[in-house]
Amino acid sequence: MSDTLSPSVGGAEAADDASAQIDAPSRSCAQDMDRFLREIEARAYRIAMLGLRNRDDALDAVQDAMLRLVRRYGRRPSDEWRPLFYRILQNRVRDLQRRRRFRTAVLGLFTDADDGREPIDEAPGPAHADPLEQTSATSAMAALEQALAALPARQREAFVLRCLEGLDVAETAAAMRCTEGSVKTHYSRAVHRLRALLGAHIGGEG
Amino acid sequence: MSEIHSDSARDAALERFARRAFADGVDAVDADTCARLASARRRAVAAAAGRGVDLRLPRLAPAPAWVAAGAAAALVVALAAVLRPGPDAPAGTDARVAQDLDVTPADGAPLEPIAPPDALASPADLELLAGGVPDVLDVLEEDLEFYAWLEQQPELAMDREGP
């Protein structure tokens with residue numbers, strides 16, 4: 001896959017505050033957008049990783065969501081950006097998951113079933129392969145990733161947006177394009193299932 | 001009552017655990033990834049100011065035409081194999097089921113089909129298929145969404161013009 005998030009032009013340090021380069025009329029909006037995106041970018045990446053479990057795909061999804069948010073909703077009130085951003089991100093994650101599923105299905109048609117490889121061998125690893133990150137990431141995060149991966153997509157989305165990202169029910173419903181009742185149902189099922197999957201890890205909580 | 005409190009306490013403990021683990025995971029994002037995220041943000045913010053940034057988004061390479069054609073053909077064959085009644089398929093299955101359930105009309109009139117084949121897409125039928133198991137229901141919904149999505153992908157369509 002191509003490196004879609006190429007290093008910044010002119011160096012990251014010099015241009016980190018992008019709003020400083022912008023003409024006056026758009027400056028305020030750009031500053032707000034810069035602040036908003038800066039606040040959520042690492043969290044958005046982690047959320048994309050939970051759904052995709054592949055670093056490049058997750059980076060693609062976040063970049064795509066940022067650009068689409070700016071292009072389509074940049075003029076909307078800033079308090080609407082968060083649910084809109086996560087709606088775009090979830091759509092992109094779902095799109096990538098479906099493309100991956102389609103490719104896996106198609107390749108399966110043309111692959112010798114007795115070639116000795118198991119489908120699990122083809123699956124992306126549980127996380128980014130950087131040793132430093134792996135070392136510093138806690139076993140709790142690994143356990144959470146694994147448990148969330150076992151959930152159906154809608155349950156995972158509801159839990160991630162409600163619990164991890166802190167969206168309220170209405171915002172989560174907007175992001176997931178479903179009713180508030182569906183959000184509550186998916187969230188409740190997710191919590192029930194996660195409690196069973198993570199019981200050993202949360203025993204010491206509270 | 002205490003059971004409800006206990007359940008609610010366990011839910012709260014799960015949520016605390018998940019938030020803490022997630023925060024640790026966010027803190028552990030490596031420097032290279034952070035740099036790439038910052039780069040993406042700068043491009044987006046520059047776009048917000050209308051600075052003529054190239055907004056063309058990266059795309060996965062579309063599947064080659066032969067792959068799409070092969071997949072569609074295989075899908076048609078698989079569907080035909082699944083949906084075509086076999087030689088041993090009993091005639092009038094709906095009527096036999098109705099007799100077993102003792103719901104045959106008293107006047108002996110022929111039964112209407114219970115439902116058209118496409119009615120399987122309704123939420124009620126999905127619940128029946130799932131057997132009341134919530135996760136199975138969610139997975140069935142995901143499958144339906146996947147096939148609906150697949151149908152809408154122009155690059156995977158059979159009638160696509162060649163290069």
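Me: What counts as a helix or a strand here, and what pattern does chain A follow along the sequence?
Reply: Helices (H or I, at least four residues) and strands (E, at least two) are DSSP runs, numbered from the N terminus. This is a predicted model, in which local features need pLDDT of at least 70, side-chain atom pairs count only at pLDDT 80 or more, and totals for chains, interfaces and linings use all residues. Residues are numbered from 1 along each chain as its sequence is written, while chains are lettered from A and ligands numbered from 1 in the order in which they are written. With 10 helices and 0 strands, chain A reads α-α-α-α-α-α-α-α-α-α.

Me: What percentage of the residues in chain A is buried?
Reply: A residue is buried if 20 or more other C-beta atoms, placed from the backbone, lie within 10 Å of its own. Chain A has 206 residues, and the buried share is 44%.

Me: Which helix gives the largest share of the largest nonpolar core?
Reply: A nonpolar core is a set of buried Ala, Val, Leu, Ile, Met, Phe, Trp, Tyr and Cys residues joined through C-beta atoms within 7 Å. The largest one holds 63 residues, and Tyr45(A) and Met66(A) are among those touching the most other members. The largest share, 11 residues, comes from residues 24-52 of chain A, helix α1.

Me: Which residues of chain B is Met66(A) in contact with?
Reply: Two residues are in contact if their C-beta atoms, placed from the backbone, lie within 7 Å. Leaving aside neighbours within four places in sequence, Met66(A) touches Leu37(A) and, in chain B, Ala40(B), Arg41(B) and Ala44(B).

Me: How do α7(A) and α8(A) lie to each other: roughly parallel, roughly antiparallel, roughly perpendicular or oblique?
Reply: Helix α7 (residues 153-164) and helix α8 (residues 169-176) of chain A have axes 10 Å apart and an angle of about 140 degrees. Axes are lines fitted to C-alpha atoms over the stretch in contact, and angles run from 0 to 180 degrees between N-to-C directions. Angles under 35 degrees count as roughly parallel, over 145 as roughly antiparallel, 65 to 115 as roughly perpendicular and the rest as oblique. The angle therefore makes α7(A) and α8(A) oblique.

Me: In which helix of chain B is confidence lowest?
Reply: pLDDT is the predictor's confidence in each residue, from 0 to 100, and chain B averages 66. Where pLDDT is low, the predicted coordinates should not be read in detail. In chain B the highest mean, 90, belongs to helix α2 (residues 31-48), and the lowest, 54, to residues 93-100, helix α4.

Methods. Buried ≥ 20, exposed ≤ 12 C-beta atoms within 10 Å, placed from the backbone.
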